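Okay, thanks everyone, let's get going. I've got one structure to walk you through today, so have a look at the screen.

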Amino acid sequence: MKRILLYVLFILIFLYCLFPFGWTLITALKPTDEVFNLPVTYLPEEVSFENLNNVFYKRPFYRYIVNSLIVAGGATLLTLWIASMVAFRLRALDYQKAMRVQKWTLIGTIIPPTLLVIPFFIIMKKLSLTDNYLGLILSYTALNLPFAMWMLHAAFRQLPRELDEAALIDGFSPMGILYKIIMPLSKPSLSVTAALVFIFCWNEFILALTLMPSETKYTVPVGIAMLSGTSVYEIPWGEINAAVALTTLPIILILAAFQRWIIEGLTQGAIKG
Amino acid sequence: MAEVELKNIEKTFFGGLVVALKDINIKIPDGVFATILGPSGCGKTTLLRVVAGLERPDSGEVFIKGRKMNKVSPSERNIAMVFQNYALYPHKSVFENIAIGLKLHRYPMYEIRKKVEEVSKILGIEKLMDRYPRQLSGGQQQRTALARALVREPEVFLLDEPLSNLDAQVRDTTRTELKKLFKELKATILYVTHDQIEAMMMSDFLVVMNQGMIRQSGEPYLIYRDPVHKFVAEFIGPYRINMLSGEIVEKRFISSDGSISIPTNIKKHPGVLMGIRPEHIRFGEEEEIFLEGEVFLIEPMGPNNLISVRVRENALRFLSQEAPDLYKPVSLSFSPRDAYFFDSQNGLRLRDK
């Protein structure tokens, strides 16, 4: 009996959490008139791909998705690469010294990204990197590095130092030790970090808006915000929802693909004790 | 093939707060099984790591085969090391773990196969080649780590307490196997352990360390028979040596409670510790020096009993096949030739000269 109650509760929580996404999906599949129907129809009376079609064919939405993939993917790879090298070097120091460095990087995370929009814009302008993928990639990398360094430093430190030393005697170069020994053994932590960094970049709005002014360089969140109807008074809810539903999909796919490692990474400390 | 020599090695940690190695001067002859023995924290592992090149000494020189190695990287020193926790690569199979060193040194694949096969047959792990380290027992992991070292055919083997993670029974058989295995190799072996029985049983050459210094080195039996320092006398030997404090006056050692008096050739010395090994004391009055005491503890060891006797204010332990009654007076004896005298301040052996 207790079990059944518990499951009922779980299902309720699950539905509650799923509702916004469900609502988005349902709205996306309604024909335009039905979106504004009162009283509200919860299940669409007829399924229509009108909104999806509009988003893809009338507007360059696939372009936004490609832009987002380039920027978020590039920033994630760059962040992980730099953070791995830093964390690897920090691991070679004794713990006290490493933490002294890490405390300073922590300050980087205290500053809200919004505060950095203008400095970033000025820097990128001077480097002629506005409206350039690299400008946004570098900005995102800068914002995510402290977090990634903390994650990876903690993860690398769990590996015994003797592994490096055995590898050194076997003839690995220092970079070889990082790429062939340390990183393969830290897959769970690397996946968690990658997923979180990617999601941050995928969702980021204000920097993308500031650094990428031309329409062909919009990322998905900017693209969605810029969706508008034929007049100022029309808000195309159907299309917005279609776009949102579509762009949530890659995130879900990423999380599903890395699920095993992400769970492993998040519970690592707990199991090893 | 390779002689290992250390000259004036010093090593400190935490900016000089901890002195790990002090004034290390030693020459380990070519092709011997040398054991570095000492209590935990005495610097023995650091010494091994200095030879391996994993630790840079603050000063001093490391020579292998007469060549100065201070600036040579670990992989170029022609050494192999077995770590205490084995340090196998968890994400690589047993075969890859053994083969990786050869691969990195660009051996052709067929040669790698051949060598790995040979070594794994010697160690009896040829059926485990596709497994991963976590699927192996402690003993199998240890063999894999050994195989990884052996396959490279190094001139110097460094082993850091390779038996300490095995349970007692496996350790005993592995010890014998290791000794047999290394007998057939021409390489020089440096073996670190804190277990003095292991050290006595396995080595041709023994280095006793304490507090970052080498106290004595040489053949194990000579060290057992002729310790130069109080620490060595206490550390080496199957049973803990008896130490009695007293002083030497007019060529006689007299214990502080006055119960024991032994002739010696040393003229006089204040503050003396006399050491006598449990295996050198006997029941009855067979030897020159005899004592009267009362049995207060018997520890059966199987073939022998370790008997503790109170002689006035001192307690003496000795080895006997007999089992006397508790709390009964007994008489003991020993030969003055078996007694060692040490300065109670600096622990150095006092000689008869």
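I'll start with the fold of chain A, then go to one helix, and finish with the contact to chain B.

Before anything else, please keep in mind that this is a predicted model.

So, chain A. You're looking at 13 helices and 0 strands. Reading along the sequence, the pattern is just α after α. As for dimensions, the C-alpha trace spans about 70 × 65 × 30 Å along its principal axes.

Now let's zoom in on helix 7 of chain A, residues 133-157. Helix 7 has 25 residues and reaches 34 Å from its first C-alpha to its last, close to the 36 Å expected at 1.5 Å a residue. Where does helix 7 of chain A kink? At N144(A), by about 45 degrees, and that spot comes shortly before the proline P146(A). At the N-terminal end, helix 7 is capped by N132(A), which puts a side-chain oxygen 2.9 Å from the backbone nitrogen of L134(A).

Next, charges. Side chains of opposite charge can pair when their charged atoms come close. Over all chains, a search of the whole structure turns up 17 salt bridges. Here's one of them: the side chains of R91(A) and D164(A) meet at 2.6 Å, N to O. R91(A) sits in helix 4, residues 61-92, and D164(A) in helix 8, so this pair ties together parts of chain A that are 73 residues apart in sequence.

Helix 8 takes us to the interface. On one side, 15 residues of chain A make contact, and on the other, 21 residues of chain B. Together the two chains bury about 1500 Å², with carbon and sulfur atoms giving 70% of that. Which residues of chain A lose the most area to chain B? Those are E165(A), I169(A) and D170(A), together 42% of what that side buries.

E165(A) also has a partner over there: its side chain forms a salt bridge with R49(B), at 2.7 Å, N to O. Across this interface the rule finds 2 salt bridges, and there are 6 residue pairs in polar contact. The elements of chain A giving two or more residues to this side are helix 8 (161-170) and helix 9 (174-185). Helix 8 gives the most, with 8 residues. By type, the chain A side divides into 10 nonpolar, 1 polar and 4 charged residues.

That's my tour, so over to you for questions.

Key
Residues numbered from 1 in each chain as written. Chains lettered and ligands numbered in written order. Predicted model: local features only at pLDDT ≥ 70, side-chain atom pairs only at ≥ 80, totals over all residues. Heavy atoms only, no water. Contact = heavy atoms within 4.5 Å. Buried area = accessible area lost by both parts, 1.4 Å probe. Salt bridge = Lys/Arg side-chain N within 4 Å of Asp/Glu carboxyl O. Polar contact = N/O pair within 3.5 Å; in protein donor to acceptor, adjacent residues only side chain to side chain. Helix = DSSP H or I, 4+ residues; strand = E, 2+ residues; numbered from the N terminus. Nonpolar A, V, L, I, M, F, W, Y, C, P; charged D, E, K, R; others polar. Expected span 1.5 Å × (residues − 1). Bend = angle between axes of the 7 residues up to and from the residue.
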